Amino acid sequence: MIDDVGAAVCVDVSRVRAVGFSQGGHMAGLLGCALRDRVAAVGTVAAWTSPGFDPPWAEADPTPLIFIVGKNDSFASPDDGYLCVGAPGCSVGSTAEEAALWAATNGCEPEPTETNLDDGVVRWEYSCPPDAELVVFFHDGGHEWPHDPFDTSVALWEFLATHSI
């Protein structure tokens, strides 16, 4: 599809990113892993894409990732993991567990630096090799794409815009 769109319209195929909310966030993460040579970076909101879904994570090249997580999300709970309704073999853990798996895949240090930002937002940033960044934001909301006081769209763009193939 990337090749088809790139051939039909003026697209810089070195700057393709995948972003998604909830189940779309899972898909974005899977694209980032499966198409690492085509997808420059991934952003997910209210979702994790987990090594528990069994694609070849260990063999994947590092993928720059930003995750945005609601502290009060009842579907993608930062404490209890993702609610896997009707997903055989789904085993998605807490935010800390999933971030640790991604940190290992991306060659990052295992523990993030935690920064408390304004309005109850917390940022985890991992020390990673270039082009393998891993950042997690926690906001005070639930299963949503927040705009105020934390602007999800701005946070995603500031991260994703810095990456290309």
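Two strands are said to pair if DSSP finds at least two bridges between them. One such bridge in the structure above connects Gly70 with His139, its partner in strand S8. The model is a predicted one, and the paragraphs below lead from its overall plan to its sheet, its disulfide and its largest pocket.

The protein contains four helices and eight strands. Read from the N terminus, these elements follow the order α-β-α-β-β-β-β-α-β-β-β-α. Of its 165 residues, 45% count as buried. That term has a precise meaning here, since a residue is called buried when its relative accessible area is under 20%, and exposed when the value is over 50%.

The sheet is the next feature to consider. Six strands form an open sheet in the order S1-S2-S3-S8-S7-S6, and their pairing is mixed. At the edges lie S1 and S6, each of which pairs on one side only. From one strand to the next, the twist averages 10 degrees.

The sheet can be followed from the S1 edge. S1 and S2 are joined by five bridges and pair in the parallel sense. Within this pairing, Arg17 has Ala41 of S2 as its bridge partner. Strand S2 covers residues 41-45, and five of its five residues are buried. Both of its faces are covered: Ala41, Gly43 and Val45 lie on one side, Val42 and Thr44 on the other, and all of them are buried.

Strand S3, which spans residues 65-70, pairs with S8 in the parallel sense over six bridges. In addition to the bridge between Gly70 and His139, there is one in which Ile66 is matched with Val135 of S8. Leu65 also belongs to strand S3. With a relative accessible area of 1%, Leu65 falls under the 20% limit and is therefore buried. Although Leu65 and Ala132 stand 67 residues apart in sequence, their C-alpha atoms are 7.5 Å apart in space.

How many of the residues of S8 are buried? Six of the six are, so this strand is largely enclosed by the rest of the structure. Its side chains can be sorted by direction: Leu134, Val136 and Phe138 point one way, whereas Val135, Phe137 and His139 point the other way, and all of these are buried. S8 also pairs with S7, to which it is joined by four bridges, and these two strands run antiparallel. Here Val136 of S8 is the bridge partner of Trp124.

Helix H2, at residues 23-34, offers an example of burial outside the sheet, for Ala28 is found in this helix. Ala28 has a relative accessible area of 3% and is therefore buried. The C-alpha atom of Ala28 is separated by 9.5 Å from that of Val39, a residue eleven positions away along the chain.

The structure also holds one disulfide. Which residues does the disulfide join? It joins Cys108 to Cys128, with an S to S distance of 2.0 Å. The pair links distant parts of the chain, 20 residues apart: Cys108 lies in the loop between helix H3 (95-106) and strand S6 (113-116), and Cys128 in the loop between strand S7 (122-125) and strand S8 (134-139). The torsion about the S-S bond is about 105 degrees, and the disulfide is therefore right-handed. Cys108 counts as buried because its relative accessibility is 10%, while Cys128, at 21%, is partly exposed. Another cysteine, Cys10, has a relative accessible area of 85% and is therefore exposed.

The last feature is a space in the protein. Rolling a probe the size of a water molecule over the atoms shows where empty space is left. The largest pocket has a volume of about 190 Å³. Its lining consists of Met1, Ile2, Val5, Gly6, Val11, Val13, Val16, Arg17, Ala18, Leu31, Leu35 and Val39. The elements that give two or more residues to this lining are helix H1 (2-8) and strand S1 (17-21). H1 provides the largest share, three residues. By class, the lining has ten nonpolar residues, one polar and one charged. Two residues in this lining have appeared above: Arg17 and Val39 are both part of it. Arg17 is also the residue bridged to Ala41 of S2, and Val39 the residue whose C-alpha atom is 9.5 Å from that of Ala28.

Note on methods: Residues are numbered from 1 along each chain as its sequence is written. This is a predicted model: local features need pLDDT of at least 70, side-chain atom pairs count only at pLDDT 80 or more; totals for chains, interfaces and linings use all residues. Side-chain values use heavy atoms; hydrogens and water are left out. On a 1 Å grid over the protein atoms alone, a cavity is a set of points where a 1.4 Å probe fits but cannot get out, and a pocket is an open set with protein on both sides within 12 Å along at least five of seven lines; lining residues have an atom within 4 Å of a point. Grid points are joined across faces, edges and corners, and a volume is the space filled by probe spheres set on the points. Ala, Val, Leu, Ile, Met, Phe, Trp, Tyr, Cys and Pro count as nonpolar, Asp, Glu, Lys and Arg as charged, and the others, Gly among them, as polar. A disulfide is a pair of cysteine sulfur atoms within 2.5 Å. Buried means under 20% relative accessible area, exposed over 50%, partly exposed in between (1.4 Å probe, protein chains only). Axes are lines fitted to C-alpha atoms, for helices over the stretch in contact, and angles run from 0 to 180 degrees between N-to-C directions.
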